[in-house]
Amino acid sequence: MAELLPTAESIAREAGALLRDFYHRGVRTEYKGDVDLVTEADRASEALIGGRLRAAFPEHGIYGEEGTREGLDGEFRWYVDPLDGTTNFAHGFPAFCVVLGCEQRHPGLAANEDGQMIAGVIYDPLRDEMFSAALGEGATLNGEPIHVSCARSLDESLIATGFPSNKRHKSPNVHFYQEFTLRSHGVRRAGSAALDLAYVACGRLDGYWEFQLNPWDTSAGYLLIEEAGGRITHFDGSKFTLDSREILASNGVIHPAMEHLFADMFAGRNLDPILTPAEFAARRAAEGR
Ligand code: IPD
Ligand code: CA
Ligand code: CA
């Protein structure tokens with residue numbers, strides 16, 4: 001399967017170039033839900049990726065965000081987000097990417113069981129950054145090996161999250177946003193879940209969490225983070241699966257602190273007091289930092 005990754009990279013580059021053209025000339029936008037946007041670029045990118053995958057791997061299945069569902073009972077399945085960050089894209093905010101992740105599903109696996117992610121790419125066409133990973137072979141950015149950060153504690157970490165495009169009014173995430181913001185260097189909400197995961201893999205971010213993602217958002221990032229030495233789980237540390245509705249990713253070192261904060265918040269326990277700047281400085285001095 002050595003050809004999987006180079007082929008996925010070449011397809012992602014081609015789809016990225018198509019998105020870049022649409023981005024520079026402007027696109028028509030429609031609503032899929034009350035605030036969930038879709039553009040002609042999302043559909044054109046998925047059509048291009050579907051065509052290229054079918055030609056390269058006629059036996060493989062495809063599961064795309066914009067509706068492609070084919071060959072899903074075979075051994076290999078591609079999860080495709082043809083444009084992750086559509087809201088940014090539609091507003092001219094330069095943070096979006098193309099995502100392809102390949103899962104190997106051994107015969108006999110139940111429909112609700114995960115196979116093994118074996119290849120994943122996340123391509124940012126505006127920065128020409130290709131994040132890639134293959135099972136057991138590590139993760140790279142434009143061909144150079146990447147690794148998660150070495151941040152030692154939550155209070156010295158930069159974290160990211162996102163908010164669902166649909167059912168936003170039901171999302172509890174703003175409460176978590178507040179607590180993580182008060183206990184870290186800050187929380188970024190840049191609007192592309194896949195880029196957030198890629199940034200954890202290469203150490204630009206130390207941690208990330210989100211509710212209600214889909215396998216096309218997470219599949220490639222899942223492999224990238226594991227291959228880059230990080231951790232990816234549910235909020236309570238249990239095993240992440242592709243149909244999980246919650247995701248917690250980190251460099252591994254700050255994972256227990258993030259889990260602890262989720263546990264306290266879900267249990268409604270009193271959280272650690274927020275320190276004043278003077279108290280914070282005193283604590284750091286006491287810790288010898
Ligand atoms: C969205 C982005 C966003 C995340 C949303 C996703 P889309 O994907 O990844 O960062 O917060 O939950 O739905 O709709 O732009 O492909
Ligand atoms: Ca997405
Ligand atoms: Ca999308």
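## Polar contacts to ligand 1

A polar contact here is a pair of N or O atoms within 3.5 Å. With that cut-off in hand, we can look at this predicted model and begin with the backbone around ligand 1. A backbone N or O atom of Phe163 sits 3.1 Å from an oxygen atom of ligand 1, so the pair falls inside the 3.5 Å limit. Gly191 offers a polar backbone atom that is also placed 3.1 Å from an oxygen atom of the ligand. For Leu83, a backbone N or O atom is 3.2 Å from an oxygen atom of ligand 1. On its own, ligand 1 would expose 380 Å², and the protein buries 92% of that.

## The shell around ligand 1

Which residues come closest to ligand 1? They are Asp84, Gly85, Thr86, Ala193 and Glu210, out of 17 residues that surround the ligand. Sorted by class, the shell holds five nonpolar, six polar and six charged residues. Strand E5 (residues 76-84) supplies the largest share, with three residues.

Where does ligand 1 lie relative to the two domains? Domain 1 (4-146) and domain 2 (154-267) both give residues to the shell, so ligand 1 lies between them.

## The calcium ions

Let's move on to the metals. The calcium ion (ligand 2) has three protein donors, Asp81 (OD), Asp84 (OD) and Asp217 (OD), at 2.1 to 2.3 Å. Along the sequence these donor residues follow the spacing D-x2-D-x132-D. Asp84 thus deserves a second look, because this donor to ligand 2 is also listed among the closest residues to ligand 1.

Asp81 has a further part to play: this residue bridges the calcium ion (ligand 2) and the calcium ion (ligand 3), and the two ions are 3.8 Å apart. Asp81 belongs to strand E5 and Asp217 to helix H6 (residues 215-227), so the pair ties together parts that are 136 residues apart in sequence. Are these two donors buried or exposed? Asp81 counts as buried because its relative accessibility is 0%, and Asp217 is buried as well, with a relative accessible area of 7%.

## Ile62 and strand E3

One more residue rounds off the tour. Ile62 is found in strand E3 (residues 61-64) and is buried, its relative accessible area being 4%. How far is Ile62 from Val80 in space? The C-alpha atoms of the two residues are 7.3 Å apart, while 18 residues separate them in sequence.

Technical notes:
Residues numbered from 1 in each chain as written. Chains lettered and ligands numbered in written order. Predicted model: local features only at pLDDT ≥ 70, side-chain atom pairs only at ≥ 80, totals over all residues. Heavy atoms only, no water. Near = heavy atom within 4 Å. Polar contact = N/O pair within 3.5 Å; in protein donor to acceptor, adjacent residues only side chain to side chain. Areas by Shrake-Rupley, 256 points an atom, 1.4 Å probe, with all protein chains shown as cover. Helix = DSSP H or I, 4+ residues; strand = E, 2+ residues; numbered from the N terminus. Nonpolar A, V, L, I, M, F, W, Y, C, P; charged D, E, K, R; others polar. Domains from an automatic or database assignment. Donors = N, O, S within 2.8 Å, 3.2 Å for Na, K, Ca; no water. Buried < 20%, exposed > 50% of the residue type's maximum accessible area, 1.4 Å probe, protein only.
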